[in-house]
Amino acid sequence: MKLHKAMFKPSHAALMIAVLLPATAMAALTADEVAQTRKDKDSGWGSTLSMMEMTLRNAQGDESTRKLEVKTLERKGEGDQSITVFEEPFDIRGTSLLVHSKIEDSDDQWLYLPALKRVKRISSANKSGPFVGSEFAYEDLSSFEVAKYDYKLLPDAPCGELTCYVLEATPRYEFTGYTKLVNWIDKEAFRLQKVEFYDRRNALLKTLTLDDYRLYEDKFWRAHVMDMVNEQTGKSTVLTVEDIDFSPSFRAGEFRQAQFSRSVKR
């Protein structure tokens, strides 16, 4: 049987479906979906060991540097946990911070000060305070958890050579020092490019810029430069990642408060 070409001519309806399908597949994401996708894109790494340098700069440009080690444990269905230990300079060597991030509630944090030889719990009301004199607050050191914020999408904006979602996040948890955070998240790989932090008067307090992203394990992006600038004082703190190891298999027991207290007091 010879088939006529007209039998394969697409109908008006078929053409409309063909045109509409790509638009449906590329439907715009909601604010909550952008936040969740950012979280999903950086899940499954397990645990890491990072060596960092912290550079503190005052308004006059004077600098001081510190060396630190950060152990991080991913916890599915729960907030991540981390231990930060300062190695240099001598006057703060051994200063350590244990963080138990929470999905919705305020995080648990404990700070060890070698000069006092004791571990003290960071109260919820003090988590907006500066971490060891830096421009990073204690609450900035917790893992990103989607349920901690309410979200609103602002118009897209360029971020370097990329285009970013601009996502406004309003904290749901108590005792935060911020009324909102405005996040620039690139559309290519959902990497956080910049964050603006607004204080309790809703004035711009700090800007965090993330740079020098590198890909690990063929799927996990990590910024190697994190520059936090206090827009009100002119001070800044730069965290530079010198090395990241994805091979450690840390156990949950290593991040327990009791174990932390025993370890840092040795």
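Which residues form one aromatic cluster with F144? In this predicted model, the cluster consists of F144, Y149, Y151 and Y173. The chain as a whole holds three helices and 13 strands. Of its 266 residues, 44% count as buried. Contacts between residues 24 or more positions apart make up 44% of those with a separation of 6 or more.

Confidence was examined along the chain. The mean pLDDT is 90, and 90% of the residues reach 70 or more. Residues 1-25 have a pLDDT that stays under 50, and for this stretch the model has two contacts beyond four places in sequence.

The aromatic residues were then considered in pairs. A pair of aromatic rings is described by the distance of the centres and the angle of the planes. The structure holds ten such pairs. In the pair of F131 and Y138, the ring centres are 5.6 Å apart and the planes stand at 70°, so the arrangement is edge-to-face. F131 and Y138 are both buried. By contrast, F144 and Y149 are stacked, with 6.3 Å from centre to centre and 25° between the planes. Both of these residues, F144 and Y149, are buried as well, and both belong to the aromatic cluster that also contains Y151 and Y173.

Y151 has a further role in the nonpolar packing. The largest nonpolar core has 47 residues, and within this core Y151 and L208 touch the most other members. Strand β11 (residues 204-216) supplies the largest share of the core, five residues. A second core, separate from this one, has ten residues, among them I83, W110, V119 and F250. Beyond its neighbours within four places in sequence, Y151 is in contact with A31, D32, A35, F144, E145, V146, L167, E168 and A169.

L208 is also one of the residues in contact with Q193. Q193 is found in strand β10, which spans residues 192-198. Its relative accessibility is 14%; because the cut-off for burial is under 20%, Q193 counts as buried. The side chain of Q193 makes a polar contact of 2.8 Å with the side chain of D186. When neighbours within four places in sequence are left aside, the residues in contact with Q193 are C159, L162, C164, W184, D186, L208, T209, L210 and Y213.

A second buried polar residue, S236, lies in strand β13 (residues 236-245). S236 has a relative accessible area of 6% and is therefore buried. Outside its neighbours within four places in sequence, S236 is in contact with T55, L56, R57, E135, D227, M228 and V229. S236 and F136 are 100 residues apart in sequence, while their C-alpha atoms are 9.1 Å apart in space.

Helix α3 (residues 257-264) was examined for the placement of its buried residues, which are F260, S261 and V264. Seen down the helix axis, these residues fall within an arc of 100°, so they line one face of α3. The elements that cover the buried residues of α3 include strands β3 (81-88), β4 (96-100), β5 (108-113) and β6 (118-121).

How values were computed:
Residues numbered from 1 in each chain as written. Predicted model: local features only at pLDDT ≥ 70, side-chain atom pairs only at ≥ 80, totals over all residues. Heavy atoms only, no water. Helix = DSSP H or I, 4+ residues; strand = E, 2+ residues; numbered from the N terminus. Buried < 20%, exposed > 50% of the residue type's maximum accessible area, 1.4 Å probe, protein only. Contact = heavy atoms within 4.5 Å. Polar contact = N/O pair within 3.5 Å; in protein donor to acceptor, adjacent residues only side chain to side chain. Core = buried A, V, L, I, M, F, W, Y, C linked by side-chain atoms within 4.5 Å. pLDDT = per-residue confidence, 0-100. Arc of directions from axis to C-beta. Phe/Tyr/Trp six-rings, centres within 6.5 Å; stacked < 30°, edge-to-face > 60°.
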